[in-house]
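Q: Could we go through this structure together, beginning with the basics and then turning to the interface?

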Amino acid sequence: MGPGPVTRPTILVIDDHGGFRATARRLLEHDGWSVIGEAVDGETGLAAAASLAPDVVLLDIGLPDVDGFVVAERLATGADAPWIVLISSRDPETYRERVRTSPAVAFLSKHELDGTALRSLLGLTAS
Amino acid sequence: MSASQRRIVLGAIGLAALAFGPFATYQLTRTAERSPALLLADVAVGWSMIAAGLIVADRRPGNRIGPLAILTGFAWFVGDFTSSDIAVVSYLATVVHGWFDPLFALVILAYPSGRITRRLDRALAIGFVAVQAGWTVVQAYALRPIAWWDCPTCISTVDRWTAAYTALDPLGRIETFLLTGLSIGLLAVVVARWVSASGAARSRQTPVLLAGLVLAGGFIATFVWQTLLPTSGREPVGELRVILLALLRVLVAIALLIGVLRDDAAKGRIADLVVRLDGLPPLPLLQASLRDALGDPSLEVYRWEGAMARFTDATGRPVTPPADGAARAVLTIGTADAPELVIAHDPALRDDPGLVSAAAAAVRLAVENERLQAEVRAQLDAVTASRARIVEAQDDERRRIERDLHDGAQQRLVSLQLSLQMLRRDLGPDADPAAVAELEAASAEAAAAIADIRELARGVHPAILTESGLGAALGSLADRAPLPVVVTDELDRRLPGSVEATAYFVAAEALTNAIKHSGASRIDLRTWLADDQLHLDVSDDGRGGADTMNGTGLTGIQDRVAALGGTVRLESRDGQGTRLEVALPCASP
């Protein structure tokens, strides 16, 4: 399972849109997250996750190199695997089945990103 | 003259011959004792010639052999009137009765086409007619006293005739000599024709060979009798010989008739050929059909292989077809620059140009049919392929637009929305309520815009189709429907994009129609694969009666399905719901 309760959980953002990453970082930092890294595609994201060992990985489905679901599978193989939260600007409907069968713990529409809601979704209460 | 008018005329001639023949034969008994066998043979010769002529005239209205043979038969009967006891009748008959043999010669020369085209044949025909015409004039002049000897009704005696003929004897010998020469020439022509023919062509020439032999034989015998035997030693020709010669002439008439009937059979075989060549058969079969139809076992067919720039024969070996000449007659189907087929046949068949050209026309028709069919097939293939490409291009374009919307406007709106959220946080809990309300209104607008773009993108091309496949896409259609839609998805693999997209759009359109018009309480959507085809059934429990797809969005859908080579079937009986069945070919990926 994921990491135990922490006061300021760490998170890695993997998304190819710079604008989104910047806004998401500010939003998450404001809502009590520690954004310890950003990656623009699947491969660098996997490398970053391995070296940074974040509590949570915010993972875009539509990455330029590897499909988000594939990245999720590979992230989930490690012994100390992070929680994976898939994000997309597409309708959640689009990925319903694939999200269900993936190791991700949640799916979020990008525009609904909210650090506080994410913490409560993952059972990470703020101290 | 119409066929029925011709039949009436020919029938009248036939009836006339039936009556005239016995009457003419009866004349033979007026001045001499005749055996019944001779009388029977006499009437048989005239009748058989006339009958053969009538049948030819009926079957070959344009062929002069018919009238010629009829005339020949009547000329035979006219000869009988030389024995008339009426002097003037006897005189007139004597003057014209000799026309039987020259007319018979014309029949032989004109067989089987009814035309005399070769120079030698024409010379012979003119010779026969000229000699006989000259002899007619000579006899008319020399024998004219007989016509009014004593009294016209007195019985003419052998003595008077003998006297008259003795006076004519030198000229008669010249006439016999000339006609004998001509008939030997005719015999040579006929024998040459027969020898140069082979197979079926030869058997077609057999009747005229017989006729030529009989004609020439008769003249030669007469010549020998008149010229070589001393006048004093002349005995009247024995009855038996007369009967035998008559029987031979009957046989010749029958043989001519068979020749014509065989010609009919040949025309029948050409008709069969036309039917058999409905589609151009493979070369060996075509060759066999032509050999059969033309009765020429030596016939060869060669096909031009355009790609290899060479001819091949029926066995597929590359060959050089023979040139047209004395050894082989060669016929090219197609043009000289662009030959398609070359047919080499027995040159003897040139004697029957109608038969060969009819067969060639049949082959030409088949070749042309084949070419047109191939052209239409190629055009259809091209149109089918381009139609499928248009659908695929349309799908690609829709997919691209959806992606552009997602990557462009959608992303910007998402960023805007998040910025507004950030702004709300930055304002803090003590912010101006009016500003907060304004901010939340802006945020709601951004959320609505995002929803609108999602809806638009889904209409253009549902991403779920690309991302999750047809089953999931149909599931999402069902979820958005205002009434229960049960999806049974039996697909175990992904299908080509255009197939999935078409099935999806058909299902979406069918659902829209069912929801709008059918009054259904439940809709079933089922997909499965069978025989490399995707099957999609959409059925509802509504009122049915949607007997046509016109006026609904299904018309466009039908085009789409057809473009992929699929089929649409709509079953909608009153009170029994509506069922739409779609089948789309999908080659394994």
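The conversation below covers the model, its chains and the contact between them.

Q: What kind of model is this, and how are things numbered?
A: It is a predicted model, in which local features need pLDDT of at least 70, side-chain atom pairs count only at pLDDT 80 or more, and totals for chains, interfaces and linings use all residues. Residues are numbered from 1 along each chain as its sequence is written, chains are lettered from A and ligands numbered from 1 in the order in which they are written, and side-chain values use heavy atoms, with hydrogens and water left out.

Q: How is chain A built along the sequence?
A: Chain A has 5 helices and 5 strands (DSSP runs numbered from the N terminus: helices are H or I with at least four residues, strands are E with at least two). Along the sequence, they follow the pattern β-α-β-α-β-α-β-α-β-α.

Q: How much of chain A is buried?
A: Of its 127 residues, 55% count as buried, meaning under 20% relative accessible area with a 1.4 Å probe, protein chains only.

Q: And chain B?
A: Chain B contains 16 helices and 10 strands. Buried residues account for 45% of its 589 residues.

Q: Now the interface. How many residues of each chain are in contact?
A: 25 residues of chain A are in contact with 24 residues of chain B, where contact means heavy atoms within 4.5 Å.

Q: What area is buried there?
A: About 2,300 Å² is buried between chain A and chain B, and carbon and sulfur atoms give 51% of it. Buried area is the accessible area (1.4 Å probe) that two parts lose on being put together, summed over both. Ser89(A), Arg90(A) and His111(A) supply 31% of the area that chain A buries against chain B, more than any other three residues.

Q: How many salt bridges are there between the chains?
A: There are 7 salt bridges between chain A and chain B, each a side-chain nitrogen of Lys or Arg within 4 Å of a carboxyl oxygen of Asp or Glu. One of them joins the side chains of Arg90(A) and Glu402(B), at 3.0 Å from N to O.

Q: Which elements of chain A give two or more residues to that side?
A: Helix 1 (18-30) and helix 4 (96-101) of chain A do so. Helix 1 of chain A gives the most, with 6 residues.

Q: And by class?
A: The side of chain A that touches chain B has 5 nonpolar, 10 polar and 10 charged residues. Here Ala, Val, Leu, Ile, Met, Phe, Trp, Tyr, Cys and Pro count as nonpolar, Asp, Glu, Lys and Arg as charged, and the others, Gly among them, as polar.

Conventions
Buried < 20%, exposed > 50% of the residue type's maximum accessible area, 1.4 Å probe, protein only.
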